[in-house]
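Please open the structure in your viewer and keep the selection tool at hand. The tour proceeds one selection at a time.

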Amino acid sequence: MKENLMTHSDNIMTEDCDDDVVQRTNPDTVQEPTVADNSLEERMCAASVTAGLLEPDEEESKSEDDEITQELKKIQAALIPVQEYNRIQREMLLALAKAEMAKQEVKKKLQEHDAKVMEIYRTVAAARENKTLNKKLEDQVKKILRERKKLEEKLSEMQ
């Protein structure tokens, strides 16, 4: 039979002991400072050295560019002009879309004025039959026709 060599007081001591205290007093554990400004790769290497997966010398040798890193840099360099071209095209399309939206607004106003012209035409035709054409109606016709002409000119300038 096995005897429990730990006493009750030993059990209480180990339960009450913090992990931080054990780590601080354990000489085998090496805590290397980590800086938040380090890149992800540097932090991963530091964590690997701390965990014992890499030797400190291996960490320094990894700083040289390997084939994969060189290939990634080459591809990134090739993508920079593509990204710039896409940005220019996007800005151009945005400008064209804004111009087209402005044209659509003018066309909409022009259609509204066309409807007003037709309404006034009917009113003038009815007034001529009854011979009740007055100055107010004539002024209204002239105003609507001037506004419509301005809209047509504006639309032709946009195209």
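**First stop: Lys103**

Select Lys103 and set aside its neighbours within four places in sequence: the residues in contact with Lys103 are then Leu155, Met158 and Gln159, where contact means heavy atoms within 4.5 Å. This is a predicted model, in which local features need pLDDT of at least 70 and side-chain atom pairs count only at pLDDT 80 or more, whereas totals for chains, interfaces and linings use all residues. Residues are numbered from 1 along each chain as its sequence is written, and side-chain values use heavy atoms, with hydrogens and water left out.

Lys103 is found in helix H5. Lys103 is buried yet has no salt bridge, and Glu100, the nearest side chain of opposite charge, is 4.1 Å away. Here, buried means under 20% relative accessible area, exposed over 50%, and partly exposed in between (1.4 Å probe, protein chains only). A salt bridge is a side-chain nitrogen of Lys or Arg within 4 Å of a carboxyl oxygen of Asp or Glu. For charge, Lys and Arg count as positive and Asp and Glu as negative, while His and the chain ends are not counted.

**The whole chain**

Now display the chain as a cartoon. How many helices and strands are there? The chain has six helices and zero strands; helices (H or I, at least four residues) and strands (E, at least two) are DSSP runs, numbered from the N terminus. Of the 159 residues in the chain, 10% are buried.

**The nonpolar core**

Next, select Ile120, Val124, Ala127, Leu137 and Ile144, the five residues of the largest nonpolar core. Such a core is a set of buried Ala, Val, Leu, Ile, Met, Phe, Trp, Tyr and Cys residues joined through side-chain atoms within 4.5 Å. The elements that give two or more residues to this core are H5 and H6. H5 gives the most, with three residues.

Centre the view on Ile144. Leaving aside neighbours within four places in sequence, Ile144 is in contact with His113, Lys116, Val117 and Ile120.

Then move to Val141, in helix H6 (residues 135-158). With the same neighbours left aside, Val141 is in contact with Ile120 and Val124. Is Val141 buried or partly exposed? Val141 counts as partly exposed because its relative accessibility is 22%.

**Salt bridges**

Select Asp114 and Arg148, whose side chains meet in a salt bridge (2.2 Å, N to O). This pair links distant parts of the chain: Asp114 lies in helix H5 and Arg148 in helix H6, 34 residues apart. Add Glu152 to the selection, as the side chains of Glu152 and Arg148 also meet in a salt bridge (2.2 Å, N to O). Glu152 and Arg148 are separated by about one helical turn, because they are four residues apart in helix H6.

Now select Glu84, Arg87 and Glu91, which are linked in a network of salt bridges. Within this network, the side chains of Glu91 and Arg87 meet at 2.8 Å, N to O. Both of these residues, Glu91 and Arg87, lie in helix H5, four residues apart.

**Last stop: Ser48**

Finally, select Ser48 in helix H3 (residues 40-51). Ser48 counts as buried because its relative accessibility is 18%. Apart from neighbours within four places in sequence, Ser48 is in contact with Leu53 and Leu54.
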